[in-house]
Amino acid sequence: MRKIALGICSSISIYKSAEIIREFQKKDIKVRVIMTRNATEFIQPLLFEALTGEKVIVDQFKNSAGIEHISLANEISLLLIAPATANIIGKLANGIADDFLSTFYLAVKCPVVIAPSMNENMYLNPITQENLRKLKSLGVIIIEPEVGELACGVKGIGRLAEPAKIVEECISLMERKDSLRGKKILITAGPTQEKIDAVRFISNKSSGKMGYSLAREALWRGGEVILISGPTFLQPPNKAQVIKVNSALEMREQVIKNYKAADIVIMCAAVADYRPSKTYKTKIKKEDEKINIELIRNPDILEELGRKKGDKLLIGFAAETGNFIENAKKKMKKKNLDLVIVNDVSKENIGFGSDYNQVILIDKKGEIEKTKILSKVEISKIIFDKIEKLLNEI
Ligand code: CTP
């Protein structure tokens, strides 16, 4: 029987935790409850003990709980914190481990899901938002709160998401496990930087979020991941082998070096098509009214891989601003791809830099699937579901 840990914090929506437990149990999933001390001011642990048939953990140093954070961490396939307060979010984002739940978070290796619930001002406070962003970049899944009537009497964002939705998302994460066991996946991410002089470079708006999210998804499915990343501010996933590069030429060198070992290759990086023909070692001084920088073509890494594809699954992205399907199909043919994922890079709210995306997947047979606007985590799930389908067809 699968088992999860449910962290419960002190929010007025704490009563919904009971419903969450019931939903998991209906799917034959065992729940072990961890409460913060403040949460026990709202509800006695007894309620959750009666529901789960297991002792609720509150204090770190009572009974065997001192080491329980390690043993329990190995038993569970997911940690869900619902409701999550601004306090726990702040602690987790900053590595503070001063009670069982925050210590436990540091010890788990499984996916972590957080469902915040609080007053709208607290939720929208830049510090809370910054902490959530940090957790997201570390791979924590955030189930956004909903807009509605809040306990403080105002209408706004901050209501805990519906228990059924929270449980559905958790189960979908747990079900991903192990389907890529034994597979090596090479993923490129982020932009490249092409040096002009000692302090300047040409680059693009790619943040690396899509590629990093794909890497996490592949790891959740039990795959082995080599992540070749251009410069980003993102925290790479724990278990990936990360190779940092700057320029397109460096990226090419690393991709070629690691290509042989890979079963699946996803070129998600926004590789610069051109680089300055000359790089100045020192800073170019402001002397002339006009200067020209000559640009020369970078090698097309994906096209090169396509020429020696063998039995590997080769996936490319197509960054487009119009004529989406036609342009992407041309790229698929030219680069000998099994799957192309089209990105509309002209929109501000999705794609480059955003946590959201909307893509069109086109496979070799011409099958087309268009997604809605979804988080990059959800987009990654759709992409790997498709990849697994293609693997089965090989
Ligand atoms: N790509 C690559 N090497 C390059 C440029 C692109 O490997 N020098 C890869 C990208 O990682 C992506 C795919 O090729 O998976 C398509 O990239 P995109 O920028 O959409 O298209 P280009 O082939 O560069 O063509 P264009 O810029 O004319 O649209």
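Q: How many nonpolar, polar and charged residues does the shell around the ligand have?
A: Classes first: Ala, Val, Leu, Ile, Met, Phe, Trp, Tyr, Cys and Pro count as nonpolar, Asp, Glu, Lys and Arg as charged, and the others, Gly among them, as polar. Here the shell has nine nonpolar, one polar and four charged residues. This is a predicted model, where local features need pLDDT of at least 70, side-chain atom pairs need 80 or more, and totals for chains, interfaces and linings use all residues. Residues are numbered from 1 along each chain as its sequence is written, and side-chain values use heavy atoms, without hydrogens or water.

Q: Which residues are closest to the ligand?
A: A residue is near a molecule if one of its heavy atoms lies within 4 Å of it. The ligand is surrounded by 14 residues, the closest being M267, A269, A319, K331 and K335.

Q: Which element gives the most to the shell?
A: Strands (E, at least two residues) and helices (H or I, at least four) are DSSP runs, numbered from the N terminus. β16 gives the most, with four residues. Both α12 (301-307) and β16 (313-320) supply at least two.

Q: What lies 2.5 Å from an oxygen atom of the ligand?
A: A polar contact is a pair of N or O atoms within 3.5 Å. The 2.5 Å partner is a polar side-chain atom of K335. A backbone N or O atom of A319 is 2.8 Å from a ligand oxygen. For a side-chain N or O atom of D273, the distance to a ligand oxygen is 3.0 Å. The protein buries 78% of the 570 Å² that the ligand exposes when taken alone (Shrake-Rupley method, 1.4 Å probe).

How values were computed. A polar contact is a pair of N or O atoms within 3.5 Å; within protein, one must be able to donate a hydrogen and the other to accept it, and residues adjacent in sequence count only if both atoms are side-chain atoms.
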